Structures are given as C-alpha cells and as structure tokens.
Amino acid sequence: MKDDLDLVLRYFESKESAATNPAAGSDRFATLSTDEIQGKLDAAIPPNTRRKELWAVRIFDQWFEQRHNRILHGDTTGLLVLKERHEWNACDWNYLLKMFILEVRKVDGTKYNATTLRDIFSMMQHYLQYTLKKELNLWKDAACRDARMALDAAMKEATREGLVPGTNASSPIPATLEEELWQKGRLATTSPKLLLFTLVFYLGKQFALRGGTELHGLRYSCEIQLQHEDGQELLVYCENRATKTNNAGIKRRFVPLKTVKASHTADHDRCLPCIYKLYVDKRPENCTVQNLFLAWMRSDASIQQGRWYQNAPVGRHSLDGIVRELTAPLTGVTQRYTNQSLRKTCASTLHRAGFAREDIARVTGHSSTAIERYIQFDVQDHVKVSHALQSGGQSSSLSIDTEPERSVEAMEQSNVVTANPAKKMRLNINGNTNTVEIVFE
Ligand SMILES: [Zn+2]
C-alpha cells in the first residue's frame with residue numbers, strides 16, 4: 001500500500017517537474033498553433049487548384065445572387081433557398097447545381113464549352129469537399145443525379161453547338177522543325193544565349209523535363225552529372241523530389257524518382273553530353289550561385305574575353321519561355337510550342353521508335369497510364385495506319401523499312417533503353433478486331 005502511494009507520488013512529482021521545466025522532453029515534438037496547422041493543410045492543395053476553385057465559386061456566387069434577386073422580385077421559376085450555405089444538404093446542392101450548370105454563362109453572355117463546364121463542376125465538388133467539408137460526392141451520390149445529368153446535358157449541348165475547347169495544348173516538335181532550327185541558327189552553341197537555349201532544348205527533350213520550376217531548380221553538378229559507365233561517358237539526370245513540379249504527397253508517394261542517362265550520339269554537334277560540356281566549361285570560376293542555368297552576358301567585350309555567364313541565375317520566366325522564343329519565328333498558326341513540347345517530343349519519338357509504354361514512362365517519369373496524352377501521331381504514323389488497313393491487316397513494307405532504323409536512332413538518344421544491349425524491334429499489326437504487337441530481339 002505504501003509502495004503504491006509512493007509510486008503515485010513519484011508519478012505526480014515527475015509530471016510537475018516536466019511542467020515547470022519545459023526543457024525536459026519538450027524538444028522532441030513541434031507545437032503548432034491552430035492557424036499554423038490550418039496553413040499547412042491549405043498548403044497541401046496545389047495553388048492552381050485553389051485558384052480554379054475560387055474562380056468557379058465566384059461564378060456560382062454571382063449566379064446565385066442574380067437568381068436570388070429575381071426570385072425576390074417575383075420570379076416564380078425557382079425556389080428560394082433561405083438556409084445559410086453551410087446548412088445546405090445534398091438535395092439543396094443537387095437542386096441549385098442543376099440550375100446553375102444549365103444557366104451559367106461567360107461574362108459576355110455566351111456559353112462555356114464542355115471542358116470548362118466540367119471544370120466548373122469538379123471545382124464545385126472540390127469546394128464542397130475541402131472548403132465546406134461536406135460528405136457529398138457530386139459524381140457518385142444518388143441524391144446528386146439531377147446535377148450530374150444537367151452537366152451531361154449542358155456539355156453535349158455545348159459540343160453540338162460547336163463550342164470546342166481552346167487548344168492551348170502544346171505540340172511535340174517534329175524532327176523537321178528541329179533541323180530547321182539548326183539550319184536557321186536558332187539552335188547553336190556559338191553564343192552564350194544560344195548555347196544555353198540549345199542546352200535547355202536537349203535537356204528537355206532527352207530527360208523529358210517539365211516547365212520552368214523544374215529547370216529553375218536544377219543545381220550545378222547535382223541533379224545532372226557526367227558519369228562514366230562501361231567505358232561510355234553519360235550525362236545522368238536524377239530526379240529530385242524537391243524540384244519536381246508535382247510534389248510528393250499521398251497521391252505521388254509511390255511514383256519512383258526517375259534516373260535517365262544520355263549517351264553521346266553520332267552527331268556530336270547536337271549531342272547532349274557534348275553540349276553540356278561546352279556549357280559548363282563556360283561557367284565562371286568561383287561561381288557562388290548553385291543554379292545550373294546562369295544569366296548570359298550580352299556585351300561583345302565580355303564574350304570576347306571568354307566571360308559568357310554571370311554569377312546570377314536565369315529567372316524562372318525566362319526559362320519558361322525558351323522554346324516559345326526559339327520556335328516563334330518558324331511556327332505556323334496551328335502549332336503551339338512551349339517547354340512542355342519537349343516532354344511530348346520525347347514521349348512521341350520513343351513511341352514511334354517502338355518503345356513500350358513502360359519504357360517510355362521510365363524516361364518521362366509518368367505512370368504508364370498518364371502517358372497516353374503525351375504520345376501523338378505524326379504524319380508517318382498515320383501513313384502506317386492507312387497502309388495496314390488497306391492491306392487487310394498486314395504490316396506494310398513501309399513500316400518494316402523504317403522501324404529498325406528509327407529504333408536505333410532513338411536508342412542512341414535514350415540511354416535508359418540502350419543500357420540493355422539487345423536491340424528490340426516492335427511491329428504493330430492492325431487487324432480488323434485487334435492489334436498484335438510482335439517484338440523481335
Ligand atoms: Zn558527343
């Protein structure tokens with residue numbers, strides 16, 4: 001009994017000493033205020049999603065106010081919702097969103113296209129789920145069927161009326177345009193600016209890099225390094241979680257970081273390791289900036305003295321605009337080329353060369369399902385399809401002639417697959433009902 005009492009007393013004593021002496025054991029855990037915790041939760045939502053949600057909710061608010069006023073002024077075509085918004089239940093939301101999605105218009109009074117309507121709807125779902133914290137799924141709940149059907153109807157109507165989404169998607173860069181860029185001196189290694197632009201072009205194409213954030217985050221001799229393997233000099237890119245645009249979270253947790261290796265190719269003027277070496281040779285000594293891409297010198301005097309780059313990084317926006325600036329004078333009206341084009345060029349070229357989706361995904365860092373929209377047919381692909389269909393499903397002689405030659409070229413460009421010396425040749429045979437892929441090793 002006394003022992004028990006001692007134990008209890010000792011317990012309270014120890015508790016007290018911990019309370020009066022905050023240093024004891026208080027280093028281990030963080031202490032966050034409610035605001036700080038909310039701030040962290042908010043930061044988990046990508047800024048673009050947040051902006052889109054605000055945009056959609058603002059449209060909804062404007063519509064609701066107009067609707068509400070009309071009803072107050074004697075319009076009987078709608079019901080009045082008198083409750084506060086946080087009290088609205090599934091039926092209220094179903095009822096309101098059904099009307100909203102059918103009545104929503106742009107500022108100029110015209111209709112939205114199907115894609116935008118769907119965006120507005122899914123941002124309202126985001127708002128319900130994350131801002132209002134409602135247990136409501138507009139896409140699945142039976143109570144929201146009317147709202148879903150209204151969206152379906154509005155999307156079909158918009159498409160029938162010829163409202164197509166704006167094509168602001170960037171196109172892959174055809175090999176002919178790349179050639180033209182060299183011929184016209186827009187890709188070159190002869191000046192600080194051109195050398196940097198050319199390096200960005202080939203880094204983007206070879207390593208399938210994303211936009212400015214990823215480029216801006218590249219540090220000298222960190223993510224990108226020259227290495228020697230099996231007597232070959234390789235430029236190796238190791239993806240870094242911190243600079244990846246789509247940062248790790250629950251959804252991205254298990255997507256492995258990619259490592260891509262670029263070997264020398266037959267044409268050393270245009271080969272990435274050579275361009276990279278030219279560039280880093282020009283890096284100023286005692287450079288204190290970590291960034292790989294440095295602001296270029298503009299004055300002829302400094303260039304003649306061999307000083308090509310400054311001790312300062314290139315801005316994110318300048319990096320973002322490089323492909324647009326390179327291609328602008330040569331671009332027709334239908335294509336739009338941006339840094340994103342390089343990523344698509346990489347995926348489409350490897351696909352054309354016959355690489356499997358999984359292999360392409362290792363270079364681009366996509367999951368193999370997300371890669372589909374990056375792979376785009378070019379004229380030759382369409383020609384092959386037409387030949388295959390005309391010959392009743394026989395693979396045309398054309399594809400047999402061109403396929404091996406292209407695979408070798410692409411294998412030289414992408415080392416991930418050259419690491420495996422067995423050269424593969426794939427033939428797609430399109431029959432009437434299905435497609436057969438044959439792999440020759
Ligand atoms: Zn080379």
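Buried means under 20% relative accessible area. The views below show a predicted model.

**Figure 1. Overview of the protein.** The predicted model holds 18 helices and 7 strands. The protein has 441 residues, and 39% of them count as buried. Take the contacts between residues at least 6 apart in sequence: 60% of these join residues at least 24 apart.

**Figure 2. Helix α10 in its surroundings.** Seen here is α10, where 7 of the 10 residues are buried, so the helix is largely enclosed by the rest of the structure. The buried residues are Leu272, Pro273, Cys274, Ile275, Tyr276, Tyr279 and Val280. Their cover includes one helix, α8. It also includes the strands β1 (224-229), β2 (232-238), β3 (259-263), β4 (294-296) and β5 (309-313).

**Figure 3. Packing of α8 against α10.** Helix α8 spans residues 192-207, and helix α10 spans residues 272-281. The two pack at an angle of about 145°. Their axes lie 10 Å apart. The crossing of α8 past α10 is left-handed. On the α8 side, the contact is made by Leu195, Leu196, Thr198, Leu199, Tyr202, Leu203, Gln206 and Phe207. On the α10 side, Leu272, Ile275, Tyr276, Leu278 and Tyr279 take part. By class, the residues of this contact are 11 nonpolar and 2 polar, with no charged residue. Residues three or four places apart on an α-helix point the same way, because the helix has 3.6 residues a turn. Leu195, Leu199 and Tyr202 of α8 are among the contact residues. Leu272, Ile275 and Tyr279 of α10 are also among them.

**Figure 4. The zinc site.** Four protein donors hold positions 2.0 to 2.3 Å from the zinc ion. Two are histidine nitrogens, ND1 of His264 and ND1 of His268. Two are cysteine sulfurs, SG of Cys271 and SG of Cys274. The angles among the 4 donor atoms run from 102 to 126°, and the site is tetrahedral. Along the chain, the donors follow the spacing H-x3-H-x2-C-x2-C. Cys271 and Cys274 are both buried. Cys274 is also one of the buried residues of α10.

**Figure 5. Ala114 in helix α5.** Ala114 belongs to α5, which covers residues 114-131. With a relative accessible area of 12%, Ala114 is buried, because buried means under 20%. Setting aside neighbours within four places in sequence, Ala114 is in contact with Met155, Ala158, Thr159 and Leu163. Val164 is 50 residues from Ala114 in sequence. In space, the C-alpha atoms of Ala114 and Val164 are 7.3 Å apart.

**Figure 6. Lys133 in a loop.** Lys133 sits in the loop between α5 and α6 (145-160). Its phi is near 55°, a positive value in a residue other than glycine. The relative accessible area of Lys133 is 58%, so this residue is exposed, the cut-off being over 50%.

**Figure 7. Asp230 between two strands.** The loop between β1 and β2 contains Asp230. Phi of Asp230 is near 50°, again positive in a residue other than glycine. Asp230 counts as exposed, at 83% relative accessibility. The strands β1 and β2 that flank this loop also help to cover the buried residues of α10.

Definitions and conventions. Residues numbered from 1 in each chain as written. Predicted model: local features only at pLDDT ≥ 70, side-chain atom pairs only at ≥ 80, totals over all residues. Heavy atoms only, no water. Axes fitted to C-alpha atoms, helices over the stretch in contact; angles between N-to-C directions. Helix = DSSP H or I, 4+ residues; strand = E, 2+ residues; numbered from the N terminus. Left-handed = near helix turned anticlockwise from the far one by under 90°. Contact = heavy atoms within 4.5 Å. Nonpolar A, V, L, I, M, F, W, Y, C, P; charged D, E, K, R; others polar. Donors = N, O, S within 2.8 Å, 3.2 Å for Na, K, Ca; no water. Tetrahedral: all angles 85-135°; square planar, octahedral: opposite > 155°, others 65-115°. Buried < 20%, exposed > 50% of the residue type's maximum accessible area, 1.4 Å probe, protein only.
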